[in-house]
Amino acid sequence: SNKFVIEQNKINPEFAQYISAFTTGYISSGSTIKIKFASELQQNVELNTPVKEKLFSFDPEIEGDAVWLDGQTIEFRPKDRLAAGQLFKSTFHLNKVLDVKDELKDFDFLFQVVKQSARVEVNSIKCYNNSDFSYYRLSGVISTADYATADKLEQILNAQYGSKKSTIKWIHNDKLTLHKFYIDSIERGTLLSTKLTLNWDAKPINTEYTGNLSFDIPAKNKFTLLDVKVVND
């Protein structure tokens, strides 16, 4: 982050009379890049239509279109998601939309895509309801630093109950950064306790993160203490 602070402090303060806000710092891989001008542009701009002129340059290159959202705001929309962790140097060619003196013709700014990471949290095992103790369920959540497609994310986790693979049900939030999972219908064995094991490996979302957890599911008619919580009163 110091990199940003140092670089951004080099921005000529004279740009402030033309540009009031711009995309900088850490952004999601699915973000657009915006420039907001200090006042409405005099020229007539066509809204929501890709601009033919090249107003933005990026290093490394980003394919996409620039679009005017209103008379004061232009947005660059990348064609594809941006690479996780990538730092971009950007230039907005201000002299193509406004008459400015030579040293203000190019407005340079930086942004970086968030690095992807994941974390698994598992709740304690629970009975289905208070009158029937023959089935259990397990729930938890995988949180990711940035958007992760549902199909790739679901490949991270697998569950094994005894010798069988368990079915995992998923609920993903709209941003695809919180991924709740449930394992239902964990039936208690008749004689011996059975192990339920979770294994995870975040390779499908290009992140190094592995782990496992196992639970003893008690046999029917065996009394077992599953969980203890301290409550301060």
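## A tour of two nonpolar cores

In this predicted model, buried residues make up 36% of the 233 residues in the chain, and colouring by accessibility is a convenient way to begin. With the whole chain in view and aligned to its principal axes, the C-alpha atoms fill a box of roughly 85 × 40 × 35 Å. The radius of gyration of the chain is 26 Å, whereas a compact globule of 233 residues would have one near 17 Å.

Switch next to a cartoon, in which two helices and 17 strands can be traced. Of the contacts in the chain with a separation of 6 or more, 60% are accounted for by residues 24 or more positions apart.

Now select Ile35, Phe37, Phe56, Ile74, Phe92 and Phe111, which have the most contacts inside the largest nonpolar core, a set of 26 residues. The elements that give two or more residues to this core are β3 (33-37), β4 (56-59), β5 (64-70), β6 (73-78), β7 (87-93) and β8 (106-113), and β8 gives the most, with four residues.

Centre the view on Ile74 and show what surrounds it: leaving aside residues up to four places away in sequence, Ile74 touches, among others, Ile33, Ile35, Phe37, Val51, Leu55, Phe56, Trp68 and Phe92, and Lys34 is also one of its contacts. Apart from the largest core lies another, of 24 residues, and selecting Ala118, Ile142, Leu198 and Phe215 will show some of its members.

Finally, turn on the surface, where the chain exposes about 14400 Å², with carbon and sulfur atoms supplying 48% of it. If the charged groups are then displayed, the mean positions of the 29 positive and 30 negative charges are 9 Å apart.

Methods. Residues numbered from 1 in each chain as written. Predicted model: local features only at pLDDT ≥ 70, side-chain atom pairs only at ≥ 80, totals over all residues. Heavy atoms only, no water. Core = buried A, V, L, I, M, F, W, Y, C linked by side-chain atoms within 4.5 Å. Buried < 20%, exposed > 50% of the residue type's maximum accessible area, 1.4 Å probe, protein only. Contact = heavy atoms within 4.5 Å. Rg over C-alpha atoms; globule rule 2.2 N^0.38 Å. Areas by Shrake-Rupley, 256 points an atom, 1.4 Å probe, with all protein chains shown as cover. Lys, Arg positive; Asp, Glu negative; His and termini not counted. Charge placed at Lys NZ, Arg CZ, Asp CG, Glu CD.
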